[in-house]
Amino acid sequence: MVKILITMIAAVVISLPSAAQQERKFIRGGNDLFNKQDFEKAEVEYRKALDTEVKSYEGAFNLGDALYKQKKFDEALQQFQSLAQNEKDKEKLGELYHNIGNTLLAMNKLDESIEAYKQSLRNRPNSQETKYNLEFARKQKQDQQNQDQNQDQNKDQQDQNKDQQNQDQNKDQNKDENKDQNKDQNKDQQDQNKDQQDKDKQDQDQKDQQNKDQQNKDQQDQNKDQQQQDQQAQPKISKEDAKRLLEALEADEKKTQEKVQKDKVQAQKAKKMKIEKNW
């Protein structure tokens, strides 16, 4: 039993240097890729280092940097804040809060980034870079406040302009309404004048038609009187001439009937002969 225990302890002791070597190997590989700005592959190597050694501070810190460079700000912030919760070393805390401030600044969370920079300086008060970033964040906040103030002023000015435009529009609308009212009145008057003109024209046309009808009637009466006069002026036929004319007409009618009867008999004979021939 003692021999087996000693053997197991020896195996663990031998494996520890191997794990540490793998961790360093992955971190060095990640750093090389990071320097080449291949941040995505660097992230993979740092995660491999953490898989090998969960408590690797350097692997976790560098992973946060790789996430930040890829603009994965939420993940980077979570990574740095997680490390800061358990860290006791002031220098490391200063670095972590500096990076937390940078990440919050990139997310445009200016108030939170300013507090993070202040916390970084409490742990690392001589960092010129953190002081510079703090002033930069404060200036960004001031610029944003000025911009918001200008926007509010511009909005107030726009509202005033809009009110003035509404007043001018109301004036123009009233002016247009009066203009339209006058226009409508003028139109009504024009319509009335036109109606009266149409009525006068209709009356005149009716009068002209009546005059024309009367003239036509007078002309017809004149023509009728002329015809009667012409008929009266024609010589009357004597009874003897009328009798002879009637007898001539009767003779012509008789000849016509005889011819028709003769043509009818010939047509029947021709039809009969055609029928007998077909048989």
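These legends describe close-up views of a predicted model of one protein.

**Figure 1. Overall fold of the predicted model.**
The protein has 279 residues, and its secondary structure consists of eight helices and zero strands. From the N terminus, the order of elements is therefore written with one symbol throughout, α-α-α-α-α-α-α-α. Buried residues make up 19% of the protein. Among contacts with a separation of 6 or more, 46% join residues that lie 24 or more positions apart. The accessible surface amounts to about 22,700 Å², and carbon and sulfur atoms account for 47% of that area.

**Figure 2. The largest pocket and its lining.**
The space in the largest pocket is about 150 Å³. Its lining consists of F34, D65, Y68, K69, F80, H98, N99, N102 and E129. Two helices, α3 (57-69) and α5 (90-106), each contribute at least two residues to this lining. Sorted by class, the lining residues are three nonpolar, three polar and three charged. H98, one of the lining residues, is also a contact of S120, which is the subject of Figure 3.

**Figure 3. S120 in helix α6.**
Helix α6 covers residues 110-123 and includes S120. S120 counts as buried because its relative accessibility is 0%, and the cut-off for buried is under 20%. Beyond its neighbours within four places in sequence, S120 has contacts with G94, Y97, H98 and T130.

**Figure 4. Length and buried residues of helix α6.**
The 14 residues of α6 span 20 Å from the first C-alpha to the last. This is close to the 20 Å expected at 1.5 Å a residue. Buried positions in α6 are L110, S113, I114, A116, Y117, S120, L121 and N123. In an α-helix there are 3.6 residues a turn, so residues three or four places apart point the same way. S113, I114 and Y117, which are among the buried residues of α6, reappear in Figure 5 as contacts of A137.

**Figure 5. A137 in helix α7.**
A137 belongs to helix α7, which runs over residues 128-233. With a relative accessible area of 0%, A137 is buried. Leaving out residues up to four places away in sequence, A137 touches L105, S113, I114 and Y117. The C-alpha atom of A137 is separated by 9.1 Å from that of G101, a residue 36 places from A137 along the chain.

**Figure 6. K71 in the loop between α3 and α4.**
K71 is located in the loop that links α3 to α4 (73-86). Its phi is near 65°, a positive value in a residue other than glycine. For comparison, most residues other than glycine have a negative phi. K71 is exposed because its relative accessibility is 65%, and exposed means over 50%.

**Figure 7. N108 in the loop between α5 and α6.**
N108 sits in the loop that joins α5 and α6. Although N108 is not a glycine, its phi is positive, at about 65°. N108 is partly exposed because its relative accessibility is 47%, a value that falls between the limits of 20% for buried and 50% for exposed.

Conventions. Residues are numbered from 1 along each chain as its sequence is written. This is a predicted model: local features need pLDDT of at least 70, side-chain atom pairs count only at pLDDT 80 or more; totals for chains, interfaces and linings use all residues. Side-chain values use heavy atoms; hydrogens and water are left out. Helices (H or I, at least four residues) and strands (E, at least two) are DSSP runs, numbered from the N terminus. Buried means under 20% relative accessible area, exposed over 50%, partly exposed in between (1.4 Å probe, protein chains only). Contact means heavy atoms within 4.5 Å. Accessible areas come from the Shrake-Rupley method with a 1.4 Å probe; for residues, only the protein chains shown count as cover. On a 1 Å grid over the protein atoms alone, a cavity is a set of points where a 1.4 Å probe fits but cannot get out, and a pocket is an open set with protein on both sides within 12 Å along at least five of seven lines; lining residues have an atom within 4 Å of a point. Grid points are joined across faces, edges and corners, and a volume is the space filled by probe spheres set on the points. Ala, Val, Leu, Ile, Met, Phe, Trp, Tyr, Cys and Pro count as nonpolar, Asp, Glu, Lys and Arg as charged, and the others, Gly among them, as polar. The expected span of a helix is 1.5 Å times one less than its number of residues.
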